[in-house]
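Please open the model in a viewer and keep the sequence panel visible. The tour below proposes a series of selections and describes what is found at each.

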Amino acid sequence: MPHAPEGQAACFTTKSATHYNRLSLRVGVSLNGLTRNPQDLENFFQTALFFISEAGAASALEKAQFLERLEFFRSHHAAWLASTSSEIFEWMQGCGLIVCENDAVRFTPPASDDFADAAAVEDCWAKLEAERVKRRHRVRAQLQAKNRAVNAPAALEVDPELDRRLMQEALGMAREALRREEVPVGAVIAMDGNIVAAAANEVVTRHDPTAHAEILAIRKAAARLGNERLVGATLYVTLEPCPMCAAACSHARIARVVWGADDPGCGGMRGAIDVAARAHLNHRPQMTPGVRRAECEKLLQDFFKARRVKIPAVTEARQ
């Protein structure tokens, strides 16, 4: 059993409360473990007696009352300590901090100029814990940002000539859709510069509102590769993907999306909305807009111009 810690009856200050708050992080330590640093043991007993004496209001208590207050302190403020109230009481006696006379316990309570009562100490601890939580969150955010930077996939090498060649293939699929009187949008998916799937818009042909060229190309590529995740693939499409297709690109883990014509009204990658960013999707493809823009735009403009001429003519004929 150690001797009484020196300076035990010193003033209980904010520094004392901060010291104890740090001690409380050492979950599972015993009283014997606190003896490795006498100041830790001194601080523990000083804090315990401050609470037991109700901030220095009492210097003697009936033994039963002393033990009751000690147990309350242990269970509410010293649950981190791997010692019972009986063990703490015995240590206090052995250190000469308390003296038992008949059924009374006498001790020298620590005074305090910083805390009027125990509630003020608890408020101090709550503020210290809040600051610790903020620091923990800040450190965690910094680590997460660092991990994202370290684990982020390297930027894909872009070959402008390859992009133009593969967009030409997508334009060929768009013309195939035009022959079927579909909105002329075509798409191809390539891996390492090799086409693994190609599709044209087939909404009308299939009577399927989801049969956009991008969706069909993703389905074909996934089936051909035997994997629902098209990691490393590049999608070439003549028109900026709509929100549905943009989300599908993210879910399919497509590495890069290249498109020709922008769609400011309905585009799902940057035109009307950035779906991947707004929906906080786990994956966001790299984007390369404007490849063979003029050819893609002309194909769409000619299609809708012809429809605007055709629809009034049909209406007039029906009348």
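The tour proceeds from the whole chain to its nonpolar cores and then to individual residues.

**The whole chain**

Begin with the entire protein chain in cartoon representation, bearing in mind that this is a predicted model. The chain contains 12 helices and eight strands. Its radius of gyration is 37 Å, whereas the globule rule gives 20 Å for 319 residues, so the chain is more spread out than a compact globule. Aligned along the principal axes, the C-alpha atoms occupy a box of roughly 115 × 50 × 30 Å.

Next, display the surface. About 17,700 Å² of the protein chain is exposed, and 52% of that area comes from carbon and sulfur atoms. Of the 319 residues, 42% are buried. Colouring by charge brings out 40 positive and 39 negative side chains, with the centres of the two sets 9 Å apart. Among contacts between residues at least 6 apart in sequence, 65% join residues at least 24 apart.

**The largest nonpolar core**

Select Ile-189, Ile-218, Leu-230 and Ile-254. These residues touch the most other members of the largest nonpolar core, which has 45 residues. Elements that each supply at least two residues of this core include the helices H7 (160–179), H9 (213–225), H10 (243–251) and H12 (293–318), and the strands S4 (186–191), S5 (194–200), S6 (234–239) and S7 (256–261). The largest share, seven residues, is provided by H9.

Which residues surround Leu-230, once its neighbours within four places in sequence are left aside? Leu-230 is in contact with Ile-189, Ile-218, Ala-221, Ala-222, Leu-225, Ala-252, Arg-253, Ile-254 and Ala-255.

**A second core and Ser-83**

Another core, of 38 residues, lies apart from the largest nonpolar core; Leu-70, Leu-81, Ile-88 and Cys-124 are among its members.

Now select Ser-83, in the loop between helix H4 (63–77) and helix H5 (85–94). Is Ser-83 buried or exposed? Its relative accessibility is 8%, so Ser-83 counts as buried. Beyond residues up to four places away in sequence, Ser-83 touches Ser-30, Leu-31, Arg-74 and Ile-88. A distance drawn from Ser-83 to Asn-32, C-alpha to C-alpha, spans 9.4 Å, although the two are 51 residues apart along the chain.

**Thr-13, before the helix H1**

Move to Thr-13, in the segment before helix H1 (14–23). With 24% relative accessibility, Thr-13 counts as partly exposed. Leaving aside neighbours within four places in sequence, its contacts are Asp-114 and Phe-115. The C-alpha atoms of Thr-13 and Asp-113 are 6.9 Å apart, while 100 residues separate the pair in sequence.

**Two residues with positive phi**

The last stops concern backbone geometry. Most residues other than glycine have a negative phi.

Select Asp-192, in the loop between S4 and S5. Asp-192 has a positive phi of about 55 degrees although it is not a glycine. At 77% relative accessibility, Asp-192 counts as exposed.

Finish at His-207, in the loop between helix H8 (203–206) and H9. His-207 also has a positive phi, near 55 degrees, in a residue other than glycine. Its relative accessible area is 72%, so His-207 is exposed.

Conventions:
Residues numbered from 1 in each chain as written. Predicted model: local features only at pLDDT ≥ 70, side-chain atom pairs only at ≥ 80, totals over all residues. Heavy atoms only, no water. Helix = DSSP H or I, 4+ residues; strand = E, 2+ residues; numbered from the N terminus. Rg over C-alpha atoms; globule rule 2.2 N^0.38 Å. Buried < 20%, exposed > 50% of the residue type's maximum accessible area, 1.4 Å probe, protein only. Contact = heavy atoms within 4.5 Å. Areas by Shrake-Rupley, 256 points an atom, 1.4 Å probe, with all protein chains shown as cover. Lys, Arg positive; Asp, Glu negative; His and termini not counted. Charge placed at Lys NZ, Arg CZ, Asp CG, Glu CD. Core = buried A, V, L, I, M, F, W, Y, C linked by side-chain atoms within 4.5 Å.
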